[in-house]
There are 2 protein chains.
Amino acid sequence: MTTKTFYCPTEIIDGPGVLNTLPQIAAEYGTKAMIVVDPFFLNSPLLERIRQLLCDYEICVFGKVTPNPRDNDINEGAAICRQFGADFIVAIGGGSALDSAKAINIVSTNGGECWDYVRVAGKEIRPITEKLLPLIAIPTTSGTGSECTRYSVVTNSVTHAKSTIKTDLNFPKKALVDPELTVSVPRKTTALTAIDAFAHCFESYIGPKANEFSEMFSLKGMELFIRSVRRVCQDGSDTEARNDLSMCSTLGGLAITHSATTLPHGIGQALSGVTDAPHGGSIAVCMPQVIEWTLPYGQPRFARVACMFDESLKALPEAEQAAALPKILKELFSEIIGEKLTMASYGLTEDKIEAVADMALSSYSGDVSRHPRVASRDDLIEIIRRCL
Amino acid sequence: MTTKTFYCPTEIIDGPGVLNTLPQIAAEYGTKAMIVVDPFFLNSPLLERIRQLLCDYEICVFGKVTPNPRDNDINEGAAICRQFGADFIVAIGGGSALDSAKAINIVSTNGGECWDYVRVAGKEIRPITEKLLPLIAIPTTSGTGSECTRYSVVTNSVTHAKSTIKTDLNFPKKALVDPELTVSVPRKTTALTAIDAFAHCFESYIGPKANEFSEMFSLKGMELFIRSVRRVCQDGSDTEARNDLSMCSTLGGLAITHSATTLPHGIGQALSGVTDAPHGGSIAVCMPQVIEWTLPYGQPRFARVACMFDESLKALPEAEQAAALPKILKELFSEIIGEKLTMASYGLTEDKIEAVADMALSSYSGDVSRHPRVASRDDLIEIIRRCL
């Protein structure tokens, strides 16, 4: 009976074709739109469509967005945004475009530099005192859930440190979650981003910060993932299944906003820091092993999730249900990705295992300490070795 | 695959003792607090406790709140609020105190009279252009869910018409949902308010506006009601069960904010208009009959809810599961209220049946038209007759 809070001021509009409501939404916010977009879309029909939807607005497009958004790009985007005199910001793309737009919004309105606002141990955080611009977030992948979180993850271009700007002001005003935009995402990216969305739902469910609000989001998100991820990976044009994954991604965002990620994200993000593993893949290659190692510490919840994947498990004792989960996930991940991935596939070698463990402990200590079983350095090394 | 939206900017803080966070929350908003409170609390230890929590603040208490808030009382409260120069409003009580505070907030900041802002067919609604005061909503019953809705229900003191101010600006800034405040609520009121909360979850679940967001709230809210309503009515000091009902009430508010109520609220509110039936009671006396009459039109959802009440039903065909629901609810309502209520217990007589039907059609046409089976005037008369 602990306190449970709920807060998400973002208005979420989710459904096929909702992108078409952009002009009405923008009309509330002024006449000058700064568009932050994945460079992939710079000469795309999607950007052309956005331009047409916003044909009555003055537009400035910023496409310097990298998979791990860098503080210097954000500073540059903020300067352009300020000089342009934007009335609002539209972010279009995956998590990196959305996170970049959030940070650009803060720096352009409150001055200073991006890294001033980042949470790093021992460093003061520059306060946000000036009003931010309205941000409309339009995700084009089903994964990050950034459209409804208070987080923006950025990387220091000098030190390569990766950290988070965490503020309630980061919540976008509106999230236009249009599954039609994800139809063209290739199979492997679809699978990896969907695994990220699932991980948000799952990790926040097994973590100690889970509350009755976050659990609702987690369970519903996992249900949608289970129902539709195979269908989407078999047929990317299955819009009903795409719709489910979009919703799963948004629910994952709501779940981590109220609870938080745990060890799979801790190890996964450290792996991405040491190698170039993509975010979803870095989680896919460690989650089954992390669960295996955690089993007795989170049995009832692992069991419940396992039964969501396979109803026939309900006849078994709880311990056996829980123990089935790592294999279920390992096989599913291989199937939907289309190949069996390991940390070695992402270039991790024996001699870099300690580096991954050390980065998990330094940069993602929250994920490590929030996990139902808290890993020591030796534990981490052992888990990572099993993932090679 | 229709569009589903989610919007609730209220920060909800739910748990035993959260009232104690009031001073920290108020500190964000200024130094002068207008307190809108049920008159029942005017000389209560609760109001004394609030005064102590806000001992650093200048306070103005307004207690002219009736079970059906009247527009002239709201106009009076708004004038006092404006004259006092409040920085923020604290609403403490049941739905009527919360709804009064919402309306006082609008009138005090935007001028005119309460009824100017009410939705009535053929009448223009006065626009809200000035910023409202931050509103902190503190419910003392588990029922209305008003702490997280955009609605404020008010009654015209001249015509006795009852209608709604519906605006996104009505969402409180914060909802402090402290189940400890409900411990002293007597058994019958506890049961009736809990039935209202259940009705919000249930009606929004069977209605056509239900979406994946509202369904989550509805299903979780009903789960909590089923788990705890008997316990609370047997032992009002069972704080764990009180906690569940508080959460159920809030989830009901979130559910109707995204979907809406249907025919039980339509008939129930009309009954309250014609007799003096309390809100929860007016719903309790008609919901089983409404479901009975609706059965073939909403079978899968009635069946699912019936199985939530009684797992053993899962072995039966869906039609039988659904058909079991009216009896389950009728028996449960009698048990928790402590007596068998009917419309006749609230003073309804044969000759007033038509008046209830007519009021449902005129004042609550939305509830009628949104129901899975749309009732004609004759249907309504027949349903109401069965409830006598």
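## Chain A, its two domains and its partner copy

The secondary structure of chain A comprises 15 helices and 8 strands. Its radius of gyration is 20 Å, close to the 21 Å that the globule rule gives for 388 residues, so chain A is as compact as a globular protein of that length. This is a predicted model. Every value below is computed from it.

**Overall build.** Taken along the principal axes, the C-alpha atoms of chain A fill a box of roughly 60 × 45 × 45 Å. Of the 388 residues in the chain, 56% count as buried. Contacts reach across the sequence. Among those in chain A between residues at least 6 apart, 78% join residues at least 24 apart.

**Domains.** The domain assignment divides chain A into domain 1 (11–182) and domain 2 (187–387). Their C-alpha centres lie 26 Å apart. Where the two domains meet, 20 residues of domain 1 are in contact with 23 residues of domain 2. On the domain 1 side, the touching residues divide into 7 nonpolar, 8 polar and 5 charged.

**Symmetry.** A turn of 180 degrees, with a shift of 0.0 Å along the axis, lays chain A on chain B with an RMSD of 0.0 Å. The two copies are therefore related as by a two-fold rotation axis. Which residue of chain A comes closest to the rotation axis? That is Pro9(A), whose C-alpha is at 2.0 Å. Both copies use the same surface: 100% of the contact residues of chain A recur in chain B.

**Chain interface.** Between the chains, 21 residues of chain A are in contact with 21 residues of chain B. Three elements of chain A each supply at least two residues of this side: strand E1 (4–14), helix H6 (212–234) and helix H7 (239–258). E1(A) gives the largest share, with 9 residues. By class, the chain A side has 10 nonpolar, 5 polar and 6 charged residues.

The table sets out the class make-up of the two contact sides described above.

| Contact side | Nonpolar | Polar | Charged |
|---|---|---|---|
| Domain 1 of chain A, touching domain 2 of chain A | 7 residues | 8 residues | 5 residues |
| Chain A, touching chain B | 10 residues | 5 residues | 6 residues |

**Strand E1.** How many bridges join E1(A) to strand E1 of chain B? There are 7, and the two strands run antiparallel. The pairing can be followed at the ends of the strand. Lys4(A) has Asp14(B) as its bridge partner in E1(B). Asp14(A), in turn, is partnered by Lys4(B).

E1(A) also pairs within its own chain. Strand E8 (residues 174–177) of chain A lines up with E1(A) in the parallel sense, over 4 bridges. Here Asp14(A) stands opposite Val177(A) in E8(A). Asp14(A) thus takes part in both pairings, with Lys4(B) across the chain boundary and with Val177(A) inside chain A.

Is E1(A) mostly covered or mostly open? The strand is mostly covered, with 8 of its 11 residues buried.

**In brief.** E1(A) brings several features together. This strand supplies 9 residues to the side of chain A that touches chain B. E1(A) pairs antiparallel with E1(B) and parallel with E8(A).

How values were computed: Residues numbered from 1 in each chain as written. Chains lettered and ligands numbered in written order. Predicted model: local features only at pLDDT ≥ 70, side-chain atom pairs only at ≥ 80, totals over all residues. Domains from an automatic or database assignment. Contact = placed C-beta atoms within 7 Å. Nonpolar A, V, L, I, M, F, W, Y, C, P; charged D, E, K, R; others polar. Least-squares fit on C-alpha atoms with pLDDT ≥ 70 in both. Pairing = 2+ DSSP bridges. Buried ≥ 20, exposed ≤ 12 C-beta atoms within 10 Å, placed from the backbone. Rg over C-alpha atoms; globule rule 2.2 N^0.38 Å.
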